[in-house]
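Please look through the structure shown here, which is explained below one part at a time, beginning with a sheet and then turning to a pair of helices.

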Amino acid sequence: MPARVQAVQDSPSFPTEVDVVVIGAGIVGTCTAYELARKGVSVALLEKGVVGGEQSSRNWGWVRQQNRDLHELSLAMYSLRRWGEFREEIGRDLGFRRTGILYCTKDEADVARWEKWGAAARLQGFESEILTASEANRRAAGGTTRWVGGVWSPTDGRAEPSLAAPAIAEAAKQHGVSLHQNCAVRGLDIAAGRVAGVWTERGLVKSSTVVCAGGAWASRFSGRYGIEIPVANIGGTALKTSPAPEVVEAGCLSGGDFVIRRCLDGSYTLAVPGHGTLDITPRGMRYAFKFYQMYRSKLGKKLKYRLTRSFWNGPDAVAGWENDQVSPFEKIRILDPAPDRELVTRAVKNLEREYPALKGIRVEHAWGGLIDTSPDLVPVISKVDTLPGYVVAAGFSGHGFAVGPGAGRLVSEIVLGETPMTDLAPYRLDRFSDGSAIRRPEMM
């Protein structure tokens, strides 16, 4: 597993009955389990692989509010506050540092778009600074590009993906969560038309509520029960460099054709933004029409399409199984797609071109990941009306790491019937099936 992650120990005994089962121990699942346990709920957190082993340890480590979809902004703003509280609250360092995020551009249209977004964001209480050309070049001093402008969000930050989900999982255990890794949930136990528990490879766990936070696997798992979660699992590539000089004060910088995050050990996480791969699969073809607007967007035009073995295997396949059979989740404990070597080479080349001081920077390791992407790039955080007791938290579209703390709170409120912290309408699952127009994504 090239994306390295801190190991977490399992709980000593396996439960037979709990109030809530959470499927998936990524950042969203661990935050959900933690928030529920803090409210006195008994929780089993079940993970087919290891805590944070998939996209929660394979992302850039950006923790941002800037350039979120406006429907998602309140969730991002709350999450930033929680990121700042976690270290003292749980007694562990998640690598979170509020060092700001800087976007620079050579395109005046970007500046106009950021200005328009910023005006709407201020109505929700978020402030960022539009930068003139001179201000952008001062903040990105040392680079070779003459930027025409930028945007600076000083309250945004960064965290360490290798540390975050494991630290929150350990805190959840201290509040009584029963954590079990290498324990795939094969299916649901359903009685009288509602959830009654889950069947795992270790047996039945009874529960009246199940939260599916399975990332790229959520759609395939839910599909067994006629629950349609339209996602496109987009393959991303990122890398970690050798330790290198600090070239910009901001903890994170987007320079258009590269993005960087300064790591605690002096290295950088580096990627080419927006570019990825999309495998042609049965599930993908099933939902293709719902992604029409996304494929026409700027993101869609940066994707490469291909046909691979994932057509028959993996999270986008359609073959079924029974609860007493080995499931696809046991056959692939951890999704570990190969990185796109062309993007690795391009990312390093783009960074060295922009910052000559980094010439000769080495790639320590590179990795791939699958990003569960919704048609409008806004996640699904929702009850499922057709199956009482089943709650979905999926389709985070690459934003799950940053908004995980907010998603965890929101899911806990849905489960307990509490007043939600924000309007649930933008996150409802049935927006993709009730005839509502699917919006073309504007921000990422």
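**A sheet and a helix pair**

In this predicted model, three strands form an open sheet in the order β9-β10-β11, and their pairing is antiparallel. The edges of the sheet are held by β9, which spans residues 185–191, and by β11, which spans 203–206, each of these strands pairing on one side only. Averaged over the sheet and with direction ignored, neighbouring strands are turned by 30 degrees against each other.

The pairing of β9 with β10 can be followed in further detail: β10 covers residues 194–200, runs antiparallel to β9, and is joined to β9 by six bridges. Within β10, W199 is the residue that stands opposite G187. As background, the strands of a sheet pair through hydrogen bonds of the backbone, in either a parallel or an antiparallel manner.

The helix pair consists of α1, formed by residues 27–38, and α11, formed by residues 400–416, which pack with their axes 7 Å apart and at an angle of about 45 degrees. Because of that angle, which lies neither under 35 degrees nor within 65 to 115, α1 counts as oblique to α11. The crossing of these two helices is right-handed.

On the side of α1, the contact is made by I27, V28, C31, T32, E35 and L36, while α11 contributes G400, F401, G404, P405, A407, G408, R409, V411, S412, V415 and L416. Sorted by character, the residues of this contact between α1 and α11 comprise ten that are nonpolar, five that are polar and two that are charged.

Note on methods: Residues are numbered from 1 along each chain as its sequence is written. This is a predicted model: local features need pLDDT of at least 70, side-chain atom pairs count only at pLDDT 80 or more; totals for chains, interfaces and linings use all residues. Side-chain values use heavy atoms; hydrogens and water are left out. Axes are lines fitted to C-alpha atoms, for helices over the stretch in contact, and angles run from 0 to 180 degrees between N-to-C directions. Helices (H or I, at least four residues) and strands (E, at least two) are DSSP runs, numbered from the N terminus. Angles under 35 degrees count as roughly parallel, over 145 as roughly antiparallel, 65 to 115 as roughly perpendicular and the rest as oblique. A crossing is left-handed if the near helix is turned anticlockwise from the far one by less than a right angle, and right-handed if clockwise. Contact means heavy atoms within 4.5 Å. Ala, Val, Leu, Ile, Met, Phe, Trp, Tyr, Cys and Pro count as nonpolar, Asp, Glu, Lys and Arg as charged, and the others, Gly among them, as polar. Two strands pair if DSSP finds at least two bridges between them.
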